[in-house]
Amino acid sequence: MSVNLNNSNVAVRETRIGSITGYIGSLKDLAEKSECGTLKGCARCFSQSSTCLSLCGLSQLAGIRDVAIIHHGPSGCSVTSSNSYYMSKVMAKKRGVTSDTVYVGTDMNEKDTIFGSTEALRKIIIETNRRYKPKAIFVSSSCATGIIGEDIDSIVDKIKDEIPVPVVAVHCEGFKSKIWATGFDISDHAVLQAIVQKPRP
């Protein structure tokens, strides 16, 4: 499956490369079906202790220096990345580099989940740019914004002309995939969309 940088969404690993989270069968069967691409995962009615793909994606973005990450969701979702944000600061310091990366949560409440909060998101993007002067802004969705159908793409598209740095939507809804590593694909896709430029001739 080719990469489509014109679309901010990324195919999940289950669809794109046939990843599974559980298997029942023999080692011989596992090897044969893996080799020919017919491996199927076992159905799970309950899963616990897995991480959220949003945490993986946003943690990876937090490792980029001097960017802003806006997590559009309730505070309970946004707080999951505080550890990653802290670790990226600690690791930058240990390497002797300075990183002014900021992490902003939009703190959606019940009213926002009923009526939407695209205008509030727009104001937060503008204020984040004014206050922190990042080199790029990543605007991430959450499970809540995905469930209510909040259109972060249209906000990002409209605001691009008002802000002099790249602004990109990051579709990190945690329920999107059972494979948490899909979050890495999502963050890499966002970087390819907004940061990486085509080679000069």
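In which helix is Leu192 found? Leu192 is found in helix α10, and we'll come back to that helix once the overall layout is clear. Before that, a word on what you're looking at. This is a predicted model, where local features need pLDDT of at least 70, side-chain atom pairs count only at pLDDT 80 or more, and totals for chains, interfaces and linings use all residues. Residues are numbered from 1 along each chain as its sequence is written, and side-chain values use heavy atoms, with hydrogens and water left out.

Let's start with the whole protein. It has ten helices and four strands; both are DSSP runs numbered from the N terminus, with helices being H or I over at least four residues and strands being E over at least two. Starting at the N terminus, the order of elements is α-α-α-β-α-α-β-α-α-β-α-α-β-α. The protein has 201 residues, and 37% of them count as buried. Here buried means under 20% relative accessible area, exposed means over 50%, and partly exposed is anything in between, using a 1.4 Å probe and protein chains only.

Two more overall values help. The accessible surface of the protein is about 12000 Å², with 55% of that belonging to carbon and sulfur atoms; such areas come from the Shrake-Rupley method with a 1.4 Å probe, and for residues only the protein chains shown count as cover. Then there are contacts, meaning heavy atoms within 4.5 Å. Take the contacts between residues at least 6 apart in sequence: 76% of them join residues at least 24 apart.

Now back to helix α10. It covers residues 182-194, which makes 13 residues, and spans 19 Å from its first C-alpha to its last, close to the 18 Å expected at 1.5 Å a residue. That expected span is 1.5 Å times one less than the number of residues. A good part of the helix is hidden from the surface: Thr182, Gly183, Asp185, Ile186, Ser187, His189, Ala190 and Val191 are buried. Leu192, on the other hand, counts as partly exposed because its relative accessibility is 36%. Leu192 joins Leu5, Ile195 and Val196 in a nonpolar surface patch of about 300 Å². Patches are made of residues with over 30% relative accessible area and no salt bridge, with nonpolar side chains (Val, Leu, Ile, Met, Phe, Trp, Tyr) joined within 5 Å and like charges within 9 Å.

Next, have a look at two loops. Asp66 sits in the loop between α3 (53-62) and β1 (68-71), and its phi is near 60°, a positive value in a residue other than glycine. Asp107 lies in the loop between β2 (102-105) and α6 (110-115), and here too phi is positive, at about 55°, although the residue is not a glycine. Are these residues buried or exposed, wholly or in part? Asp66 counts as buried because its relative accessibility is 17%, whereas Asp107, with a relative accessible area of 47%, is partly exposed.

What about charged partners? A salt bridge is a side-chain nitrogen of Lys or Arg within 4 Å of a carboxyl oxygen of Asp or Glu, and by this rule there are seven. One of them links Glu32 to Lys28, with the closest N and O atoms 3.5 Å apart. Both residues belong to helix α2 (residues 27-36), four residues apart, about one turn of the helix. Glu32 is partly exposed at 42% relative accessibility, while Lys28 is exposed at 59%.

Helix α7 (residues 118-132) offers another case: Arg131 and Glu127 meet in a salt bridge at 3.2 Å, N to O. About one helical turn separates the two, because they are four residues apart in that helix. Arg131 is exposed at 53%, and Glu127 is partly exposed at 27%. Salt bridges with shared partners also join Glu119, Arg122 and Glu162 into one network.

Last come the cysteines. A disulfide is a pair of cysteine sulfur atoms within 2.5 Å, and the count by this rule is zero. Cys77 is in no disulfide, and the nearest cysteine sulfur, belonging to Cys143, is 6.0 Å away. Cys77 is partly exposed, with a relative accessible area of 27%, and Cys143 is partly exposed at 26%.
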